[in-house]
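Subject: Structure for you to look at

Hello,

Here is the structure I promised. Please open it alongside this email; my notes follow below.

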Amino acid sequence: MVANLGREKPPAARRGARRRRPRRESALLWWALFAAVAVAAWYLHSWRVALLGLLGWCLYEFLLVPTLCRVLTRQGAPCVERARGRLFACGRSHQHVKNDALWKLIGMRNPSRRKPDPEDGSRDTGVVVHSADVRGRLVPADRSMILLAGAGTVASVVGMLYGFG
């Protein structure tokens, strides 16, 4: 048997095979950190440490939690690609839809969105196509966690400013 020495190409990947994604850290590590901060706040009788822990949890929910994209595709099924943080989507087109949904969550229209996507127009494809308004709805779990994290952020900032006064 002769060594390859870089002359032959490796066999092509099977058609339809998915590439392996790198593993993410366990959510249990984050929850252990939050529990440690809560225990430290209780042990030290410090509401400032508790507010710092709450602010850390809010940051985790907004930016770091391992989750799925969950933006509705044009056919109505949620996207199952991975995303990091509840504010983010898997790709650029899904991020536009999610940004619109986040603005709609606070009762405003996205100011950076001037014209509708050309892809969102109605086409005769024979497939049910959902509008951007339908696709831009947040999943109830994401909506509630974003609202809780937003309220926690406001409470943390107000509590910290109140504590310095």
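The expected span of a helix is 1.5 Å times one less than its number of residues. Keep that in mind for the helix check below. Note too that this is a predicted model.

Helix α1 and its end

Take α1, which covers residues 27-44. With 18 residues at 1.5 Å each, α1 should span 26 Å, and its end C-alpha atoms are indeed 26 Å apart, so the two agree. H45 comes right after α1 and has a positive phi, near 55°. L44 belongs to α1. Is L44 buried or exposed? L44 counts as exposed because its relative accessibility is 52%, and the cut-off for exposed is over 50%. L44 also joins W42 and Y43 in a nonpolar surface patch. Together the three have about 460 Å² of accessible area.

The nonpolar cores

In general, nonpolar side chains of soluble globular proteins tend to be buried together. In this model, the largest nonpolar core holds eleven residues. They are F34, W57, C58, Y60, F62, V65, A101, L102, L138, I146 and A149. Which elements give two or more residues to this core? They are α2 (47-64), α3 (92-105) and α5 (140-164). The most comes from α2, which supplies four residues.

A149 is a good residue to click on. Setting aside residues up to four places away in sequence, A149 touches W57, C58, E61 and F62. There is also a second, separate core of five residues. Among its members are C69, C79, A89 and V97.

S156 in α5

S156 sits in helix α5. S156 has a relative accessible area of 0%, so this serine is buried. What does S156 contact beyond its neighbours within four places in sequence? The partners are L51, L54 and L55. S156 and L51 are 105 residues apart in sequence. In space, their C-alpha atoms are 5.3 Å apart.

V80 in a loop

V80 lies in the loop that runs between β1 (66-68) and β2 (82-84). V80 counts as exposed because its relative accessibility is 58%. V80 and T67 are 13 residues apart in sequence. From C-alpha to C-alpha, V80 and T67 are 9.2 Å apart in space.

Two residues to compare on screen: S156 is buried, whereas V80 is exposed.

Best wishes

Methods:
Residues numbered from 1 in each chain as written. Predicted model: local features only at pLDDT ≥ 70, side-chain atom pairs only at ≥ 80, totals over all residues. Heavy atoms only, no water. Core = buried A, V, L, I, M, F, W, Y, C linked by side-chain atoms within 4.5 Å. Buried < 20%, exposed > 50% of the residue type's maximum accessible area, 1.4 Å probe, protein only. Contact = heavy atoms within 4.5 Å. Patch = residues over 30% accessible without salt bridge, like charges linked within 9 Å, V, L, I, M, F, W, Y side chains within 5 Å. Areas by Shrake-Rupley, 256 points an atom, 1.4 Å probe, with all protein chains shown as cover. Salt bridge = Lys/Arg side-chain N within 4 Å of Asp/Glu carboxyl O.
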